[in-house]
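Me: I am in my first year and still learning to read folds. Please take one part of this structure and walk me through it closely.

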Amino acid sequence: MLYVKNLYKSYQVGKVKYPVLKGIDFHVAQGEFVAVMGPSGSGKTTLLNCISCYIPFDGGSIMVGGVKLAGQDEETLAKIRNTKLGFVFQDFMLLDGLSIRENILVPRIVQGEVGRDAEQLAERLADMFGIGHIMDKYPADVSGGEKQRAAVARSLINSPMVILADEPTGNLDSKSSRIVIETFIEAKEKMEATIFMVTHDSFAASFCDRVILLKDGTIYRQVEKEGSQREFQDKLLDAIREMSA
Ligand SMILES: Nc1ncnc2c1ncn2[C@@H]1O[C@H](COP(=O)(O)OP(=O)(O)O)[C@@H](O)[C@H]1O
Ligand SMILES: [Mg+2]
């Protein structure tokens, strides 16, 4: 579903070029829930921004569902982002002037058509994620965890090929974090959603199928889920300790 091959990216600051991603290779299969972890500054957000083509990269290739995003014109890219990718951000990015229901429907509103099918899917997602009772409220009147569950519902409204999430639990307490991670698991199990999540939270990552550890712009190691969630979290913590040693 998502192929990243030999990806290179550097930032030019004045006359100096700072390499950030130095040959990244990985694949995420349909229906997989994969996390990327790594110290601050290791290039996680840069990687996500390259995948969504928000920033150009220097070398390598990225394919999403058989489509190369790089090189498409802006209009095509905007369309692909809206219809083929779902986004979840650390700070929710809901529109304050819209109800939770309208926020979930935004990717459809952008396309100019909100049919009965979209409304039904919004209701189904809201029920699945336990936010059916706040659909007519506004973001200011709901909790952070509820906002993020609405954002996950929004990311799914177009049945995207991949959901890209950057620190989705970064602004949440541990209880809300867990509920938000459970929405991803529901999406994966009930809708075969493919989720690619950046996080520095080993608890959140321990619910994934696989964790990619980034260090200094290269993949240090990939850790496959095995055993219980707690065992996997311990295994992850060991790998992170070894990585920072
Ligand atoms: N627009 C930019 N211009 C220059 N350097 C940047 C820019 N964005 C990020 N960086 C640098 O690239 C490195 C990786 O950043 P980032 O991808 O945000 O890391 P992470 O998300 O893992 O914390 C950092 O050293 C950061 O300072
Ligand atoms: Mg980041």
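Reply: What follows is a close look at strand 3, then at the sheets and the ligand shell around that topic.

The model is predicted. Start with strand 3, residues 33-37. Is strand 3 enclosed or open? Five of its five residues are buried, so strand 3 is largely enclosed by the rest of the structure. Here, a buried residue has 20 or more other C-beta atoms within 10 Å of its own.

Now look at where the side chains go. In a regular strand, they alternate between the two faces of the sheet. On strand 3, F33, A35 and M37 point one way. V34 and V36 point the other way. Both groups are buried.

Which strands pair with strand 3? One is strand 8, residues 195-198. Four bridges join strand 8 to strand 3, and the two run parallel. Find F33, then look across to strand 8: its bridge partner there is I195. Strand 9, residues 210-215, also pairs with strand 3. Again there are four bridges, and again the sense is parallel. In strand 9, A35 has V211 as its bridge partner.

Those two partners turn up again in the core. The largest nonpolar core has 64 residues. Among its members that touch the most others are I195, V211, I104 and F196. In soluble globular proteins, nonpolar side chains tend to be buried together. Take I104 as an example. Leaving aside neighbours within four places in sequence, I104 is in contact with A122, L125, A126, A150, A153, R154 and I157.

Step back to the whole sheet. Six strands form an open sheet, in the order 6-7-8-3-9-10. Its pairing is mixed. Strand 6 (85-88) and strand 10 (218-224) stand at the edges. Each has a single partner strand, so one side of each is left without a neighbour in the sheet. Neighbouring strands are turned by 20° against each other on average, direction ignored.

Follow the sheet to strand 6. Four bridges join strand 6 to strand 7, residues 162-166, and these strands run parallel. V88 has its bridge partner, A165, in strand 7. Helix 5 (residues 144-156) packs on this sheet and touches strand 6 and strand 7. The direction of helix 5 makes about 170° with that of strand 6.

There is also an open sheet of four strands, in the order 2-1-4-5, with antiparallel pairing. Its edge strands are strand 2 (16-28) and strand 5 (67-68), and each pairs on one side only. Helix 1 packs on this sheet, touching strand 1, strand 2 and strand 4. Ten bridges join strand 1 to strand 2. One pair to find is L7 with I24 in strand 2. In the hairpin of these two strands, two residues lie between the strands, and G14 takes a positive phi near 65°. On strand 4 (residues 59-64), strand 1 has five bridges, running antiparallel. There, Y8 stands opposite G59, and K5 stands opposite S61.

Finish at ligand 1. The residues around it include Y11, V13, V20, G38, S40, K44 and T45. Strand 1 (2-13) and helix 1 (44-51) are the elements that give two or more residues to this shell. Which of them gives the largest share? Helix 1 does, with three residues. By class, the shell has three nonpolar, seven polar and one charged residues.

Terms used. Residues numbered from 1 in each chain as written. Chains lettered and ligands numbered in written order. Predicted model: local features only at pLDDT ≥ 70, side-chain atom pairs only at ≥ 80, totals over all residues. Near = placed C-beta within 6 Å. Nonpolar A, V, L, I, M, F, W, Y, C, P; charged D, E, K, R; others polar. Buried ≥ 20, exposed ≤ 12 C-beta atoms within 10 Å, placed from the backbone. Pairing = 2+ DSSP bridges. Core = buried A, V, L, I, M, F, W, Y, C linked by C-beta atoms within 7 Å. Contact = placed C-beta atoms within 7 Å. Axes fitted to C-alpha atoms, helices over the stretch in contact; angles between N-to-C directions.
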